[in-house]
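Here are my notes from going through this one. Have the viewer open while you read, and take the points in any order you like.

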Amino acid sequence: MLNQSTSFAPQVKQGYHECEILGKGPEAAESELQWQACEKNRGHKKFIPIKEFASKHMPQELRDQQTFDTFKTIANLTVRLRVRYTSENRPNDDPISQYRSTDYLRTGSGLITAVDAGQGTCNHCFECNSYGGQKFWWVYLRTARHVAYDNREAKATKVDLFCDDDISVRDGSMKSLQGVDLEMFNAEDDFCVMRCVVHDESLAKQIQNYTHAANLGMNFKMTYFPMWGRSEFLNHFVVLVISHPHGKPKMVTVGKMKRIEVKPSEEKDNAYILESYGPVFFEYATPTCPGCSGAPLIQLCRPIPIVIRNGDMRSTTSRPICADGWVHSGTSTPGRDATCKLCLWPQRCSNQVNYSCVVNNFDPHWKLVK
């Protein structure tokens with residue numbers, strides 16, 4: 001039974017972002033209260049706990065073991081972010097600016113993409129600064145930039161791995177990493193890469209094994225989005241979101257692709273492959289809730305017999321599973337025509353439409369954080 005007298009954060013206008021804003025009361029109690037009070041997805045009937053997700057939830061044509069194993073590996077790399085500070089550097093038009101300089105807890109989701117051995121001993125976390133440096137590894141994850149705006153917010157972030165059910169929190173199978181800084185970000189496209197530290201060598205190797213296994217299923221370069229974005233191909237796409245809605249344990253939702261738009265690069269307007277294109281924009285009708293900001297998008301594609309001419313060569317491509325660069329950026333505001341603040345595309349808004357970040361692996365606009 002929740003204590004109704006607990007002090008909760010004032011109601012935030014969620015706007016375009018889908019962070020969950022909690023207050024100063026017990027975290028688990030507040031998360032459960034928000035889950036129960038949610039009006040966007042009442043009852044959360046389409047949210048499948050990761051421990052219950054099975055191949056039967058995948059499209060009929062994509063229930064092979066390799067595709068499912070790759071999906072599960074990506075799920076193992078999906079994390080919950082708990083950010084305990086809102087930077088005073090957020091601008092006035094930022095959707096979370098009302099919380100500047102406060103320590104209200106904010107939750108989001110993210111995806112670990114790489115692990116590297118650190119050089120020397122760690123001096124990046126409070127523990128090592130207080131008691132002496134330890135051997136360490138860098139862990140890199142991507143999320144929406146509105147989840148973690150700058151280095152101050154990154155330092156105030158706990159990253160939870162393997163938070164797959166309520167038991168994992170109690171029995172120690174959930175592991176937490178300390179955020180350190182933003183390695184890079186794209187402010188316009190609402191995307192960032194955060195660095196975290198881990199001192200446990202066995203955990204670092206476990207994460208590294210997952211990243212290597214996931215890359216086997218994700219590194220497909222020949223992706224012809226200009227053609228796949230055509231309306232006759234959209235019904236071949238299924239979009240899965242792996243996330244921590246309302247800060248709860250990991251869940252999966254499944255939905256349909258609504259639109260794919262590729263912005264041609266200024267350099268190669270007539271090119272055909274993704275590497276020669278600018279940002280890619282997705283609209284998808286996959287259920288999400290506050291707490292899903294930054295969650296990885298898994299695009300499943302039923303086999304399509306696409307043949308493309310390139311001089312005297314012909315090639316056919318299919319992409320059964322992809323998770324290489326897109327994260328959940330937010331939802332639209334219902335009932336008005338507007339240009340989405342996060343996605344920069346004019347669109348008739350609907351509360352059933354979600355947006356991805358406008359970003360891909362070949363975006364030329366990365367900004368290194370100084």
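1. One definition up front, for the capping point below: a polar contact is a pair of N or O atoms within 3.5 Å, and within protein one atom must be able to donate a hydrogen and the other to accept it. With that in hand, look at the N-terminal end of helix 2, which Aspartate 64 caps. A side-chain oxygen of aspartate 64 sits 3.4 Å from the backbone nitrogen of glutamine 66, which is inside the 3.5 Å cut-off.

2. Before going further, keep in mind that this is a predicted model. The protein chain has an average pLDDT of 75, and 67% of the residues score at least 70. Residues 1-15 have a pLDDT below 50, although this stretch has 29 contacts in the model beyond near neighbours in sequence. Residues 311-317 are also below 50, with 15 contacts counted the same way. Where pLDDT is low, the predicted coordinates should not be read in detail, so I'd leave those contacts alone.

3. Back to helix 2. It has 13 residues and spans 19 Å from first C-alpha to last, close to the 18 Å expected at 1.5 Å a residue. Its buried residues are Thr67, Phe68, Thr70, Phe71, Thr73, Ile74, Ala75 and Leu77.

4. Which residues have the most contacts inside the largest nonpolar core? They are Phe71, Met194 and Leu240, in a core of 48 residues. Helix 2 (residues 65-77) supplies the largest share of this core, five residues. Apart from this core lies another one, of 12 residues, including Leu234, Ala295, Leu297 and Cys301.

5. Methionine 194 deserves a closer look. Not counting residues up to four places away in sequence, methionine 194 touches Leu81, Val139, Tyr140, Leu141, Ala148, Ala154, Thr157, Val159, Gly179, Asp181, Leu182 and Glu183. Two of those names, Tyr140 and Leu141, come back with threonine 113, whose contacts beyond four places in sequence are Tyr140, Leu141, Arg142 and Thr211. Threonine 113 belongs to strand 4 and is partly exposed, at 29% relative accessible area. Threonine 113 and tyrosine 210 are 97 residues apart in sequence, yet their C-alpha atoms are 9.1 Å apart in space.

6. Is glutamate 153 buried or exposed? Its relative accessible area is 0%, so glutamate 153 counts as buried. Glutamate 153 is in helix 4 (residues 151-155). Leaving aside neighbours within four places in sequence, glutamate 153 contacts Val83, Tyr85, Thr86, Ser87, Arg90, Arg106, Val147 and Ala148. I'd check the two arginines on that list by eye.

7. Now the loop between strand 3 and strand 4, where asparagine 92 is found. Asparagine 92 counts as exposed because its relative accessibility is 64%, and beyond four places in sequence its contacts are Ser97 and Arg100. The side chains of asparagine 92 and arginine 100 make a polar contact at 2.9 Å. Serine 97 is in this loop too, but counts as buried at 12% relative accessibility. The side chain of serine 97 reaches the backbone oxygen of asparagine 92 at 3.1 Å. Pro91 and Asn92 are what serine 97 touches outside its sequence neighbours up to four places away.

8. Two backbone angles to inspect. Serine 101 has a positive phi, near 65 degrees, in a residue other than glycine. It lies in the loop between strand 3 (78-83) and strand 4 (106-117) and is partly exposed, with a relative accessible area of 48%. Phenylalanine 162 also has a positive phi, about 60 degrees, although it is not a glycine. Phenylalanine 162 is in the loop between strand 6 (157-161) and helix 5 (166-171), and is buried, at 11% relative accessible area.

9. Last, the cysteines. How many disulfides does the structure hold? Zero. Cysteine 38 has its closest cysteine sulfur in cysteine 289, but the two sulfurs are 3.6 Å apart and therefore too far for a bond. Cysteine 38 is buried, with a relative accessible area of 9%, and cysteine 19 is buried as well, at 0%.

Methods: Residues numbered from 1 in each chain as written. Predicted model: local features only at pLDDT ≥ 70, side-chain atom pairs only at ≥ 80, totals over all residues. Heavy atoms only, no water. Core = buried A, V, L, I, M, F, W, Y, C linked by side-chain atoms within 4.5 Å. Buried < 20%, exposed > 50% of the residue type's maximum accessible area, 1.4 Å probe, protein only. Helix = DSSP H or I, 4+ residues; strand = E, 2+ residues; numbered from the N terminus. Contact = heavy atoms within 4.5 Å. pLDDT = per-residue confidence, 0-100. Expected span 1.5 Å × (residues − 1). Disulfide = S-S within 2.5 Å.
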